[in-house]
Amino acid sequence: MSDIRDIKIADFDYPLPDDRIPRHPLAERDTCKLLVSRPDGSVEHHTFSELPELLPEKTLMVCNDTRVINARIRFEKSTGSKIEVFLLEPIFPEDYVLMFQAVGSCRWGCLVGNLKRWKEGPLVKMLDIDGRKVELRASRIQPLDGNGQEILFEWDDPEVTFASVVDAAGYIPIPPYLKRDSEESDSDDYQTVYARVKGSVAAPTAGLHFTPRLFERLRSAGVDIAPLTLHVGAGTFQPVKSETIGEHPMHTEVFSVDRDSLMQIVDAKRHGRKITAVGTTSVRTLESLPYIGAQLSAGDMSLHVGQWMPYTEDDREAPRDVVEDLNHIIRYMDEKGVDTLTASTSIMIAPGFHWRIVDVMVTNFHQPQSTLLLLVSSFLDRNPEESRLQWRNIYEEALDHAYRFLSYGDACLLFPLK
């Protein structure tokens, strides 16, 4: 445990020129570059449209179907002061589905830009929602941990849901490193083609490269596809400011997996089929599931995976049955009479993590000194006794071959080193 916490984030730095961060995506999503890192450490260069031919035979591909919401809402006071309210996570109703169905009022945890200009009283914004004039009011309730604020939203039309309010009032929250304001094109560009469940404030960007025609070819190639949902929080952009990762608090994200997807995952593990995760959010969800199952088998119904939970025991000396852990979840759902498991995770995946579910990963190129880079390093180099830095080899290769980095950049197909 102490070894994991003592990992220095400076060891995961690399030079990233600003001109390698595209401000907009390619016109055709699946024409981006795809770097492939093979189990023997060799690196190949392809295009994303070649993915069906590059995946393992009969793989199960797991995608995050979360949908980015218009989380940035801008108000202007009568004095001319501009205030931006950034939706982070629902407080009441706490459930995402119920939140977006709410009428009349709801409460969110938010970040507030130019907070010092908002002394008292509500902020007001007039909306046009399908020809209906709706007044939206935002009131400060109380400060939250960190820099957050609890905000009460109220609107004066009982037939309008909060989903419609957000669509009309807000803007897509593109990442800060794009160094520009949201544009109308981002409403499509910053969503996966399979985005379905509203709740994210950032896109699961590995999924941005997929197109309907590519999915058709994947299915024709025998690839099964299972959805899950993890609502990406603003914490995904939170830099690691501490010297070691043990001092970095991981953000918590809510995820849900339905019974059909769980059964597909169990079937794949039972029959030795490879599981391909699209994006680090799918990875975090999948690798959290065995810990949820272990908790349930021990009578713990908290349905939350803590940051350091994977490192509290030596998994290699006391290996668990992954299929049995997943079956505990299915039995729990059957007992509760629910079709979907909703839980949360703040899991830290770093070198030394014991991988249980994910065999292959599709992901983008991540920021220097980020927890996502820790995750990639851990995935590639499964033996903590050997100091192999395959992630650095890959990133240097990508920089040498003019790959584009971060959200609107190119992609990787990663296999763990043997």
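# Exercises on a predicted model

In this predicted model, helix H8 bends by about 30° at leucine 289, and proline 290 follows within four residues of that point. The exercises below begin with this helix.

## Exercise 1. Helix H8

Compare the length expected for helix H8 with the distance between its end C-alpha atoms, and determine how many of its residues are buried.

Solution.

Step 1. Helix H8 covers residues 280-297, which is 18 residues. The expected span is 1.5 Å times one less than the number of residues, so for H8 a span of 26 Å should result.

Step 2. The end C-alpha atoms of H8 are 27 Å apart, which agrees with the expected value.

Step 3. A residue counts as buried when its relative accessible area is under 20%. In H8, 17 of the 18 residues are buried, and the helix is therefore largely enclosed by the rest of the structure.

Step 4. Just after H8 comes glycine 299, whose phi is positive, at about 85°.

## Exercise 2. The nonpolar cores

Identify the residues with the most contacts inside the largest nonpolar core, and list what leucine 289 touches.

Solution.

Step 1. The largest nonpolar core consists of 80 residues, and Leu286, Leu289 and Phe405 have the most contacts inside it.

Step 2. The element that gives the most to this core is helix H9 (residues 322-336), with 7 residues.

Step 3. When residues up to four places away in sequence are not counted, leucine 289 touches Phe255, Val257, Leu262, Ile265, Leu326, Ile329 and Leu341.

Step 4. Another core lies apart from the largest one; it has 33 residues, among them Ile69, Phe75, Val85 and Phe153.

## Exercise 3. The largest pocket and the largest cavity

State the volume of the largest pocket and of the largest cavity, and name the elements that line each of them.

Solution.

Step 1. The largest pocket holds about 1300 Å³ of space. It is lined by 38 residues, of which Leu88, Glu89, Tyr96, Thr252 and Glu253 are the closest to its centre.

Step 2. Two or more lining residues of this pocket come from each of strands E6 (82-92), E7 (105-113), E12 (197-200), E13 (224-230), E14 (253-258) and E17 (340-345), and from helix H3 (96-101). Strand E14 gives the most, with 6 residues.

Step 3. A search of the whole structure finds 1 cavity of 30 Å³ or more. The largest cavity contains about 380 Å³ of space.

Step 4. This cavity is lined by 30 residues, and the closest to its centre are Thr205, Thr236, Thr280, His366 and Leu372. The elements giving two or more residues to the lining are H8, strand E18 (360-364) and helix H10 (371-380).

## Exercise 4. The loop between E6 and H3

Describe the peptide bond that joins phenylalanine 92 and proline 93, and decide whether glutamate 94 is buried or exposed.

Solution.

Step 1. The bond between phenylalanine 92 and proline 93 is a cis peptide bond, with omega at about -10°. Proline 93 is placed in the loop between E6 and H3.

Step 2. Glutamate 94 also lies in the loop between E6 and H3. Its relative accessibility is 62%, and the cut-off for exposed is over 50%, so glutamate 94 counts as exposed.

Step 3. Glutamate 94 and tryptophan 108 are 14 residues apart along the chain, and their C-alpha atoms are separated by 8.7 Å.

## Exercise 5. Three loop residues

Classify aspartate 30, lysine 179 and alanine 402 by accessibility.

Solution.

Step 1. Aspartate 30 is located in the loop between helix H1 (2-5) and strand E1 (33-37). Its relative accessible area is 2%, so aspartate 30 is buried. Neighbours within four places in sequence aside, aspartate 30 is in contact with Phe48, Ser49, His209, Thr211, Arg213 and Leu214.

Step 2. Lysine 179 belongs to the loop between strand E11 (170-171) and helix H5 (186-189). With a relative accessible area of 60%, lysine 179 is exposed. Although lysine 179 is not a glycine, its phi is positive, at about 55°.

Step 3. Alanine 402 occurs in the loop between helix H11 (390-400) and strand E19 (411-414). At 43% relative accessibility, alanine 402 is partly exposed. Alanine 402 is not a glycine either, yet has a positive phi of about 60°.

Step 4. In the preceding helix, H11, the residues Gln390, Trp391, Ile394, Tyr395, Ala398 and Leu399 are buried. Their cover includes E1, strand E2 (43-47), E18, H10 and E19.

Technical notes
Residues numbered from 1 in each chain as written. Predicted model: local features only at pLDDT ≥ 70, side-chain atom pairs only at ≥ 80, totals over all residues. Heavy atoms only, no water. Bend = angle between axes of the 7 residues up to and from the residue. Buried < 20%, exposed > 50% of the residue type's maximum accessible area, 1.4 Å probe, protein only. Core = buried A, V, L, I, M, F, W, Y, C linked by side-chain atoms within 4.5 Å. Contact = heavy atoms within 4.5 Å. 1 Å grid on protein atoms, 1.4 Å probe; cavity = no way out; pocket = protein on both sides within 12 Å on 5 of 7 lines; lining within 4 Å. Points joined across faces, edges and corners; volume = space filled by probe spheres on them.
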